[in-house]
Amino acid sequence: MPDLTSTTTSPEPLTRRGFLTAAGSCAAHLAAIAAVLPPATSARLWRRTEHRVVSAEPFARLEEIGDGVWALISTPLGGDRTTLCNGGIIAGRTGVVAVEGFFQRAGAEWLATQARALTGRWPTQVVLTHFHADHVAGVGGYLATEEVTLRATHTTAERALETQPPDPERAAALRDTELLGADRETVVDLGDRRIRIVPRHGHTDSDVTLELLDRPIVFCGDLVWNAMFPNFVNASPAALSASVRAIPRATGMLYVPGHGPMAGGADLDRYIAMLDEVERAARSAYASGRPFAEAGAEFKLPAVLGEWATFSPQFLPRAFEAWYRDFRRSQSPGRDA
Ligand SMILES: [Zn+2]
């Protein structure tokens with residue numbers, strides 16, 4: 001996993017090699033999307049919300065999606081990457097859970113400050129859905145003021161420590177992480193409300209979803225992207241596809257995606273259809289022996305799947321590459337392709 005912060009400060013045009021390096025992060029991926037998304041399209045995508053917006057900044061807005069539950073929807077396409085990923089606040093009688101550490105300290109601090117204004121409490125726990133820097137790098141913003149318990153799987157904590165620029169405070173917090181089960185769910189009891197934290201994988205080796213037991217709300221981490229083409233850099237696409245299908249479905253369910261606006265069941269359907277379309281095309285290209293770079297660059301999603309930033313020739317090859325890895329693995333089990 002390349003150092004994500006380094007990719008945010010390189011304005012020079014990307015060479016092929018430069019792209020392959022830079023595209024190894026969610027931030028670079030978002031930058032690639034922002035670069036190719038027509039302004040009208042991106043404005044329409046990011047304006048969309050059916051929920052009450054309780055606070056808004058250039059980098060994000062906070063939407064009330066249930067009683068005591070708020071989704072932080074990042075709006076990074078204008079260039080402000082304070083938060084970069086989505087996350088949120090889940091408040092209960094005995095504690096407040098913040099979801100994600102965000103990209104910059106100021107992002108986590110903003111969410112924590114919002115939590116205090118809305119609930120009277122600074123977050124008591126922070127849950128990291130996976131190790132990517134845009135979800136983890138800012139976690140120190142929670143730690144400056146009060147005691148807070150960081151929760152993540154062992155893999156997430158370990159890979160976050162390995163892959164991010166040194167920050168003694170964050171490193172200490174990550175070493176102190178209260179571990180979430182990697183092969184069993186963890187239930188967080190907030191007195192009047194409980195949250196299932198379910199280990200899954202596919203976007204990375206270790207992802208989690210947070211599923212409220214009293215409300216039809218799921219925080220999906222980067223297993224789900226809405227109206228933005230996902231980053232496959234560490235993905236195992238077959239596992240991703242299975243994990244997304246295992247996310248609870250019911251009428252009226254709300255999904256907080258890792259990136260993009262709030263999603264409902266129809267959005268999740270569209271996302272699954274999009275993943276399937278990529279799989280179908282990658283499978284066919286692999287069978288005919290075409291290089292992933294060439295096949296991915298030529299691939300276009302059908303218009304019926306709606307607005308996805310798929311017209312960039314740059315990031316689809318990465319999805320095809322991930323599928324090719326999966327195909328090779330399934331042909332030679334045990335060999336790490
Ligand atoms: Zn990610």
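Okay, let's start with strand E3, residues 69-74, which is mostly covered: six of its six residues are buried. Before I go on, keep in mind that what we have here is a predicted model.

So which residues point which way from E3? Val69, Ala71 and Ile73 go one way, while Trp70, Leu72 and Ser74 go the other, and all of them are buried. That back-and-forth is a familiar pattern: in a regular strand the side chains alternate between the two faces of the sheet.

Now for the neighbours of E3. Strand E2, residues 60-66, is joined to E3 by six bridges, and the two run antiparallel. If you want a spot to look at, find Glu64, which stands opposite Trp70 in E3. E2 and E3 make a hairpin with two residues between the strands, and in that hairpin Gly68 takes a positive phi near 75°.

Then there's strand E4, residues 87-91. How many bridges join E3 to E4? Four, and again the strands run antiparallel. Here you can pick out Leu72, whose bridge partner in E4 is Gly87.

Okay, moving along the chain to another sheet. This one is open and has five strands, in the order E9-E10-E11-E12-E13, with mixed pairing. At the edges sit E9, residues 186-189, and E13, each of which pairs on one side only. Direction ignored, neighbouring strands in this sheet are turned by 20° against each other on average.

Let's zoom in on one pair from that sheet. Strand E10, residues 194-200, and strand E11, residues 207-212, run antiparallel and are joined by six bridges. Arg200 is a handy marker in this pair, as it stands opposite Asp207 in E11.

Last stop, helix H11, residues 265-287. Do the ends sit where they should, or not? Well, at 1.5 Å a residue, its 23 residues should span 33 Å, and the end C-alpha atoms are 33 Å apart, so that agrees.

Which residues of H11 are buried? The list is Asp267, Leu268, Tyr271, Met274, Leu275, Val278, Ala281, Ala282 and Ala285. And what do the buried residues of H11 pack against? Three helices come up, namely H10 (237-246), H12 (292-298) and H13 (316-331), plus strand E13 (254-256). That's the E13 we just met as an edge strand of the five-stranded sheet.

One more thing to spot on screen: just after H11, Gly289 takes a positive phi of about 80°. That's my tour, thanks!

Methods. Residues numbered from 1 in each chain as written. Predicted model: local features only at pLDDT ≥ 70, side-chain atom pairs only at ≥ 80, totals over all residues. Expected span 1.5 Å × (residues − 1). Buried ≥ 20, exposed ≤ 12 C-beta atoms within 10 Å, placed from the backbone. Contact = placed C-beta atoms within 7 Å. Pairing = 2+ DSSP bridges. Axes fitted to C-alpha atoms, helices over the stretch in contact; angles between N-to-C directions.
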